Amino acid sequence: MDRAVVDHRSDEFAQLLPRIAPLLKQVFGTKDGHIVVFSGSGTGAWESAMVNTLKQGDCVLSVANGHFGAGFGLSGRRLGFEVQEIVVPWGAEVPADLIEDRLKADKNGVIKAVLVVHNETSTGVTSDIGAVRRAMDAAGHDALLIVDAVSSLASMPFEFDEWGVDVALCGSQKGLMLPPGQAYLCASARALEASKTGGSPRNYFEWGNQLRENITGKFPYTPNTLMLFGLREALIMLVEEEGLDNVYARHRRMAGGVWAAVEAWGLKFMCQKPRFRSTTVTTVMTPEGIKGADLLARTRNRFNLVLGTGIGDSAAKAFRMGHLGALNELEVIGMVAGVEMALHEMGAPVKLGSGVAAAEEHFSAS
Ligand code: PLP
């Protein structure tokens with residue numbers, strides 16, 4: 001990325017997308033999905049997914065199991081869709097059974113899309129998207145399945161084709177290891193058809209314009225050129241050099257070290273069921289008497305270690321340890337050591353060395 005800006009109408013620039021799109025398809029787990037790239041962020045990708053596939057006033061079923069699930073639904077409401085929500089406690093996974101019940105009850109097919117978040121970044125919960133698709137099929141319902149993969153893509157398996165996803169979306173700043181500012185979508189043939197024949201008023205986020213120009217490697221508007229160079233490199237690193245299966249295994253391994261430390265400290269995970277724990281972010285309940293914001297200030301000021309705040313409802317009582325992207329064992333141990341020392345110094349009953357030892361044992365044994 002660190003290079004002179006090239007003319008986005010040049011032949012040199014036109015080489016990028018043909019190299020990027022097949023690699024991005026592998027990351028999404030698709031053969032026939034259509035890749036669309038915008039300058040923007042995950043929130044822009046939410047909007048693009050909805051305005052292309054849904055008509056104004058259409059009804060969507062959205063699951064709020066954390067801040068981003070709730071935000072996805074709220075975006076839909078602001079864009080003029082009728083949003084029916086399934087609200088479950090933070091820390092719970094997307095409830096496929098409740099989706100099935102709602103869709104079965106929708107005898108007239110009013111619901112046009114189901115919105116879910118694959119990895120809820122606020123709570124550290126990864127949901128089973130295959131189970132959501134099976135629930136939709138069991139209900140015999142033909143709503144589109146729109147999945148936010150912002151904090152899962154390129155860090156854990158995503159199976160667009162196998163799970164029957166209609167639109168999946170992501171941003172550049174998480175598993176793809178880039179700065180913020182680019183948004184990626186993958187659309188199924190059905191979703192693309194919905195966008196060709198309908199959708200809502202839109203301009204910048206329209207898919208058809210993009211796909212037409214992309215055939216020649218170009219964009220209808222000025223794209224974020226340098227980010228595309230970065231994306232090409234990130235995809236080569238992930239897909240061709242390390243290999244996606246190894247990338248996913250590394251994330252499981254890094255997460256395992258963090259979980260071992262949290263357990264050694266005797267702290268609680270916000271994620272209710274261990275099998276839904278996210279391999280990209282762990283949300284931890286702060287010990288009695290310690291506020292999340294104070295812990296964050298301490299790790300930042302004392303060690304230049306940046307943790308995530310608890311978000312929304314959990315702002316004061318949780319903190320988040322991120323473990324995605326370019327990360328290795330010693331970096332995880334460094335993060336664990338920083339959290340451990342900060343907690344200890346703030347008076348939490350956390351034994352110095354306990355989390356570090358647990359993480360080391362995990363890494364040495366696995
Ligand atoms: N969805 C999820 C799961 C996220 O984690 C985020 C941001 O962290 C978003 C959506 C919003 O993305 P952005 O902040 O890139 O607009």
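Reader: Hello! I would like to learn to read this model, beginning with one residue. Is D166 buried or exposed?

Author: Welcome! Please keep in mind that this is a predicted model. A residue counts as buried when its relative accessible area is under 20%. D166 has a relative accessibility of 4%, so D166 counts as buried.

Reader: Which residue does the side chain of D166 meet in a salt bridge?

Author: For a salt bridge, look for a side-chain nitrogen of Lys or Arg within 4 Å of a carboxyl oxygen of Asp or Glu. The side chain of D166 meets that of R190, with 3.9 Å from N to O. This pair links distant parts of the chain, 24 residues apart. D166 sits in the loop between β7 and β8, while R190 belongs to helix α7. R190 itself is partly exposed, at 41% relative accessible area.

Reader: Which residues are linked with D166 and R190 in a network of salt bridges?

Author: R133 and D137 join D166 and R190 in that network.

Reader: How many salt bridges does the structure hold?

Author: There are 14. One of them pairs R302 with E345, at 2.8 Å from N to O. R302 is in helix α11 and E345 in helix α12, so their salt bridge ties together parts that are 43 residues apart in sequence. R302 is partly exposed at 42%, and E345 is also partly exposed, at 32%. Another salt bridge joins R250 to E242, with their closest N and O atoms 2.6 Å apart. Here R250 is buried, with a relative accessible area of 16%, whereas E242 is partly exposed at 28%.

Reader: Let us turn to strands. Why is β8 largely enclosed by the rest of the structure?

Author: Count its buried residues: five of the five are buried, so β8 is largely enclosed. As a general idea, side chains in a regular strand alternate between the two faces of the sheet. In β8, V167, L169 and G171 point one way, and A168 and C170 point the other way.

Reader: Which strands do bridges join to β8?

Author: Strands of a sheet pair through backbone hydrogen bonds, either parallel or antiparallel. β7 and β8 run parallel and are joined by three bridges; I146 stands opposite V167 of β8. β8 and β9 run antiparallel, with five bridges between them, and the partner of C170 in β9 is Y184.

Reader: What is the order of the strands in the open sheet of three?

Author: The order is β10-β12-β11, with antiparallel pairing. β10 and β11 are the edge strands, since each pairs on one side only. Five bridges connect β10 with β12, and V284 has F319 in β12 as its bridge partner.

Reader: Which helix lies across β10 and β12?

Author: Helix α10, residues 244-265, lies across both of them and runs at about 10° to β10.

Reader: Finally, which residues surround the ligand?

Author: To find them, pick out residues with a heavy atom within 4 Å of the ligand. Among them are S41, G42, W46, F68, D148 and K174. Polar contacts are pairs of N or O atoms within 3.5 Å. An oxygen atom of the ligand is 2.5 Å from an N or O atom in the side chain of S41. For G42, a polar backbone atom is 2.9 Å from a ligand oxygen. For D148, an N or O atom of the side chain is 2.6 Å from a nitrogen atom of the ligand.

Note on methods: Residues numbered from 1 in each chain as written. Predicted model: local features only at pLDDT ≥ 70, side-chain atom pairs only at ≥ 80, totals over all residues. Heavy atoms only, no water. Pairing = 2+ DSSP bridges. Helix = DSSP H or I, 4+ residues; strand = E, 2+ residues; numbered from the N terminus. Contact = heavy atoms within 4.5 Å. Axes fitted to C-alpha atoms, helices over the stretch in contact; angles between N-to-C directions. Buried < 20%, exposed > 50% of the residue type's maximum accessible area, 1.4 Å probe, protein only. Polar contact = N/O pair within 3.5 Å; in protein donor to acceptor, adjacent residues only side chain to side chain.
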